[in-house]
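Student: Hi, I've got a new model open and would like to talk it through. Could you walk me round the fold and the packing?
Tutor: Happy to, let's bring it up.

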Amino acid sequence: MNEMKLNNKRTILVGLAFLSICSFWQMYDNLVPLILRETFHMDESLTGVIMAADNILALFLLPLFGSLSDKCRETKVGRRTPFILGGTAGAVILMNLLPILDNSFYAEAAPFKLASFIAVLGLLLIAMGTYRSPAVALMPDVTPKPLRSRANAIINLMGAVGGVLYLGVTAVLYPSSKTQGLDHVNYQPLFIIVSLIMAAAVAGMLLTIREPKLAAANRELEKKHPEWNLAEDDGSGSEKLPGPVKKSLAFLLVSIALWYAGYNGVTTWFSTYVSEVMGEGIGGTATCLMVATVGAIVSYIPIGIVASRVGRKKTILAGAALLAACFLAGFFLTRHSHTITPVMYAAFALVGLAWAAINVNSLPMVVEMCRGSDVGKFTGYYYTASMTAQVVTPILAGTLMKHIRYQVLFPYAAFFVAMSFVTMCFVRHGDSKAAAKKGLSAFEDMDD
C-alpha cells in the first residue's frame, strides 16, 4: 500500500491561473496609488477610498461567482475554466486602457478623462472579480483534502512567481535613476508586459489541465473517504456544519480578516511610504517587495511540508507572531533611514516567510470544513473575510498616515496581525489530517 502523494506537476499547471491573478494585483497595488496621487493629484484619503473599491466589489463578486461556478453545469472545459477564461480576457483588454488615459490626462487634464479612468478601473475590477474564486477553487476540486496544504503551497508559489515577474520587469524598466525628477512616468510598457504574462499563463493552464476528468476523479475519491468531511449531510443535498465547526469557522474568518488588515495596509501603501519617508522611487519599492516575495517563494514548499507534520494551526500561529515582529522591526528600521538598507531586505525576507506560513494553510483550513460540492462557496467565504478587511484598511491606514504621520503604517499593521494570533487560538477544526494509506495511489497516477 502506497502513501498518498501530491501530483506536483499538475498542481503547478493549475497554479498558472493564480500566477496570472497575482501578477495583476501586484501591479495594481503598486501602480494605481501612484497614478492617482501623481497624475490625478488625489490625497491619501481619497486614494484609499478608490483602492478599497476592489475589495468592496469583491465582497459581492467573489462569493457570487464562487457559488455560480459550484452550480455551473459541467462544460467541455469544466465548471471553473469558463470563468477563468472570460475574466482574464476582459481584464487583459481593460487594463491596457489605464495607461492610455493616465498619459492623456497628464498631457491635457480634463474631467471626462478622470471619469473615464475611474469607469475603466471599475470594469477592470469586475472582470478580475468574476474569476478569482473559481480559479482558487480549482485546486481543491482536483486535490484530496489531506494534501491541500502542500498543494496550496505550490499554488502560492506560483502566485509569488507572478509577483516576482512583475517586480523584476519593473525594477529593470523603472530604476530610480530613470524616474527620479520626472514629472510623469509612462507605465504603458509595464501594463502591456503584465497583460501578456496573464494571457500566456491562462493559456498554458487551458492547454494542460483537463478539469472535468480530474475533478470527477477527486469526487470519487472523496466518496470513498467520508472521514475527511467535517460537514454533515442533512438530506437536502446541502451541507450542515456542526456547532463547534461553525464556531471554528467564525474565528478562522475573523483571523483571516485581521491579518489581511495588517498585511494589506502595508502592501497598499508601501510604494507611497517609501517615496515619502525614504525618497525612493518605484524601482526601490519593487526591489524591496521582490525580496519579500523571494522569501515567500523559498518558504512555500517547506512550509507545506512542515504544516503536514505539525499542523496548519501551529504553523499559522508561528507565522502571525513572526509577521507582527517584522512589522514592528520595519517601524524602527525606517524611522531614521532615508534609503532601503540590507537589514531592511532581511526583515522583508522574513515577512515573506511569515506570510507563506499563514497563506499556505488558511484557505485549506476553510475548505476542510466543507464538502466538495461547496468548495467554491467556502472559497467565497474566505475571500469575503479577506476583502472585508481590505475594504477598511486602505482607507483607515491612509487616513491615519495623513493625520498622524506616515510612520504609523508599520505599528498599525503589527497591531492587527497580533490580534489575529489571539483569535486564531480559538480555532479548533480544519487542521490537517493524517494521510490515508490505501486506495489513493490511483489518484496520483491519473493522467495529466
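Tutor: One definition before we count: helices here are DSSP runs of H or I with at least four residues, strands are E runs of at least two, and both are numbered from the N terminus. Also keep in mind that this is a predicted model.

Student: Okay, so how many helices and strands does the protein have?
Tutor: There are 18 helices, alongside two strands.

Student: And what share of the residues is buried?
Tutor: Of the 448 residues in the protein, 59% are buried.

Student: What about the surface, how much of it belongs to carbon and sulfur atoms?
Tutor: Carbon and sulfur atoms hold 66% of an accessible surface of about 17400 Å².

Student: Switching to contacts: what percentage comes from residues 24 or more positions apart?
Tutor: Counting contacts with a separation of 6 or more, 86% are between residues 24 or more positions apart.

Student: Now the inside. Which residues have the most contacts in the largest nonpolar core?
Tutor: Those are F24, M128, M198, I256 and F327, in a core of 127 residues. Helix α12, residues 243–278, gives the most to this core, with 15 residues.

Student: Who does F24 touch, leaving aside neighbours within four places in sequence?
Tutor: F24 is in contact with M95, L124, M128, V194 and M198. Two of these names, M128 and M198, also appear in the list of residues with the most contacts inside the core.

Student: What lies apart from that core?
Tutor: Another core, of nine residues, including A153, L157, A160 and I303.

Student: Let's do rings. How many aromatic pairs does the structure hold?
Tutor: It holds 16 aromatic pairs. One of them joins W25 and Y28 edge-to-face, at 5.1 Å centre to centre with 80° between the planes.

Student: Where do W25 and Y28 sit?
Tutor: Both are in helix α2, which covers residues 16–38, and they are three residues apart, about one turn of the helix. W25 and Y28 are both buried. Together with F24, they form one aromatic cluster.

Student: Got another pair for me?
Tutor: Sure, F331 and F332: also edge-to-face, 5.1 Å centre to centre, with 70° between the planes.

Student: Is F331 buried or exposed?
Tutor: F331 counts as buried because its relative accessibility is 17%, and the cut-off for buried is under 20%.

Student: And F332, buried or exposed?
Tutor: F332 is exposed, because its relative accessible area is 56% and exposed means over 50%.

Technical notes:
Residues numbered from 1 in each chain as written. Predicted model: local features only at pLDDT ≥ 70, side-chain atom pairs only at ≥ 80, totals over all residues. Heavy atoms only, no water. Buried < 20%, exposed > 50% of the residue type's maximum accessible area, 1.4 Å probe, protein only. Contact = heavy atoms within 4.5 Å. Areas by Shrake-Rupley, 256 points an atom, 1.4 Å probe, with all protein chains shown as cover. Phe/Tyr/Trp six-rings, centres within 6.5 Å; stacked < 30°, edge-to-face > 60°. Core = buried A, V, L, I, M, F, W, Y, C linked by side-chain atoms within 4.5 Å.
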